[in-house]
Each structure stands twice: as C-alpha cells, then as structure tokens.
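I opened this notebook to record what I looked up in the structure shown below. The entries follow the order in which I took up each topic.

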Amino acid sequence: MAKLKIYTFPDLVLSQKASPIAKVDAAYRKLADDMLETMYDAPGVGLAANQVGLLERIIVVDTDYDYEELEEGATPPEGAELLGGGIVTGKNPRVIINPEIILREGKVMSREGCLSVPEYSAEIERAEKIKVQYLDLDGLTRTLSAEGLLSFCIQHEMDHLQGKVFVEYLSQLKQTRVRARLAKQLRKSA
C-alpha cells in the first residue's frame, strides 16, 4: 500500500465533480487500500478520491477504529498496526463506490473537520439518518443504512464527490478566514 498526498482547501481538485466508475476492477481495490492507509495515517474517519487528486466516485470510511499515539521509543503491542506514529486497532473499513443517497431522515447539527481543511472544524447541519445505495469492491450493488457519525461521515465525503468542501456551508466571512488561516499555515511550512 502507498500513502497518498491529501490536497487542501482551496485546491481546485476539491471543487470539481467526480465521475462515476463504470467498472470496478483490481485498480480500484488498490486505490481503496491506498486511500484507507492514507486515511488511517492522517488520522481521519473518511476520505474521498477528490482529496487525493482523483475525480472518481469512490470514498472510504471507518468510524469504528481506535487510534492511540505511541510514545517515543515504545513498542506497539503484538498484532497492532502502527500508522502515523500511533497504533490503529478495531478497524471496520467501508469502501463505497458511486454512492447515492436514497433516503434522508431528520436533521441534526454535527461538528465536522476535514483532512483537506487541517485544524479547523465547524457545526454543519446534516441528515440524522441516511440510506445509501452503492457498489462494493466486487462491483455488487449494496445498500447501507447509517446514522450518527457514520451518516455524517458519508454525507461529508459525498459532498467532496460533488466538488464541495464542508466550509462552503459557512458564511463568506468564515470561509475567508479559513482560506487566510490555511494560506498562513502553508507559508509557515514552506
């Protein structure tokens, strides 16, 4: 597996719509593995192909795993996976290709962050429960009912596939502040 570059807001790839995947093949299985490794390493709970520079309708999510920082010089427990300087356990990855929400129920505010908008979070209104139809890695049509964090995560990642970043739900003033903060962070790291 390979760790991929995560593009940050306001990179143009994040504002473009992703195209449907016509046929699921081995290349998408490899891409899904790479996206999952990148997501766990970040660490995050979801990642869309747009965020790694690909305009294809595939997302990966895992809202169940645990990530624990590993102290310098410490040895990870046997069987634990070491990623990004921490230990990952209890993984339950989901790969969702060509997702389509077929049912939305209720509305709730959720605090969201994004790997493409580092060190920023905001309250966003989302459907409380959703039902999603999608293709799995075998190219089979599946349906998933989700609520809580899983529901919010899927909706967030599906926004990426539509070329929308969560900060676009905010006022113009807040969006301008986020852009300025990210530009400042970029200058500091250069």
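In which sense do strand 1 and strand 2 pair, and over how many bridges? I found that strand 1 and strand 2 (residues 58–61) pair in the antiparallel sense, over 3 bridges. I noted one residue pair here: L47 has V60 in strand 2 as its bridge partner. I keep in mind throughout that the model is a predicted one.

**Sheet.** I then traced the sheet as a whole. It is an open sheet of 5 strands in the order 1-2-6-7-8, with antiparallel pairing. Strand 1 (46–48) and strand 8 (141–147) stand at the edges; each has a single partner strand, so one side of each lacks a neighbour in the sheet. From one strand to the next, I recorded an average twist of 40°. Helix 1 (residues 26–41) packs on this sheet and touches strand 1, strand 2 and strand 6. The direction of helix 1 makes about 45° with that of strand 2.

**Aromatic pairs.** I looked up the ring pairs next, and the count comes to 2 aromatic pairs. For Y40 and Y65, the ring centres are 4.8 Å apart and the planes stand at 90°, so I entered the pair as edge-to-face. Y40 belongs to helix 1 and Y65 to the loop between strand 2 and strand 3 (66–69), so this pair ties together parts 25 residues apart in sequence. Both Y40 and Y65 are buried.

For Y120 and F166, the centres lie 6.3 Å apart with the planes at 35°, so I entered the pair as tilted. This pair links distant parts of the chain, 46 residues apart: Y120 is in strand 7 (residues 117–135), and F166 is in the loop between helix 2 and helix 3 (172–189). Y120 counts as buried because its relative accessibility is 17%, and F166 counts as buried at 1%.

**K164.** I also checked a charge over a ring. The charged end of K164 sits over the ring of Y169, 4.0 Å from the ring centre.

**V108 and Q155.** Is V108 buried, partly exposed or exposed? I found V108 in strand 6 (residues 94–114), and its relative accessibility of 27% makes it partly exposed. Beyond its neighbours within four places in sequence, V108 is in contact with I124, E125, R126, E128 and F152. Q155, in helix 2 (residues 148–161), is buried at a relative accessible area of 5%. Not counting residues up to four places away in sequence, Q155 touches I101, R104, R126, A127 and I130.

Notes
Residues are numbered from 1 along each chain as its sequence is written. This is a predicted model: local features need pLDDT of at least 70, side-chain atom pairs count only at pLDDT 80 or more; totals for chains, interfaces and linings use all residues. Side-chain values use heavy atoms; hydrogens and water are left out. Helices (H or I, at least four residues) and strands (E, at least two) are DSSP runs, numbered from the N terminus. Buried means under 20% relative accessible area, exposed over 50%, partly exposed in between (1.4 Å probe, protein chains only). Contact means heavy atoms within 4.5 Å. Two strands pair if DSSP finds at least two bridges between them. Axes are lines fitted to C-alpha atoms, for helices over the stretch in contact, and angles run from 0 to 180 degrees between N-to-C directions. Rings of Phe, Tyr and Trp (its six-membered ring) pair if their centres lie within 6.5 Å; planes under 30 degrees apart count as stacked, over 60 as edge-to-face and the rest as tilted. A charge sits over a ring if NZ of Lys or CZ of Arg is within 6 Å of the ring centre and within 35 degrees of the ring normal.
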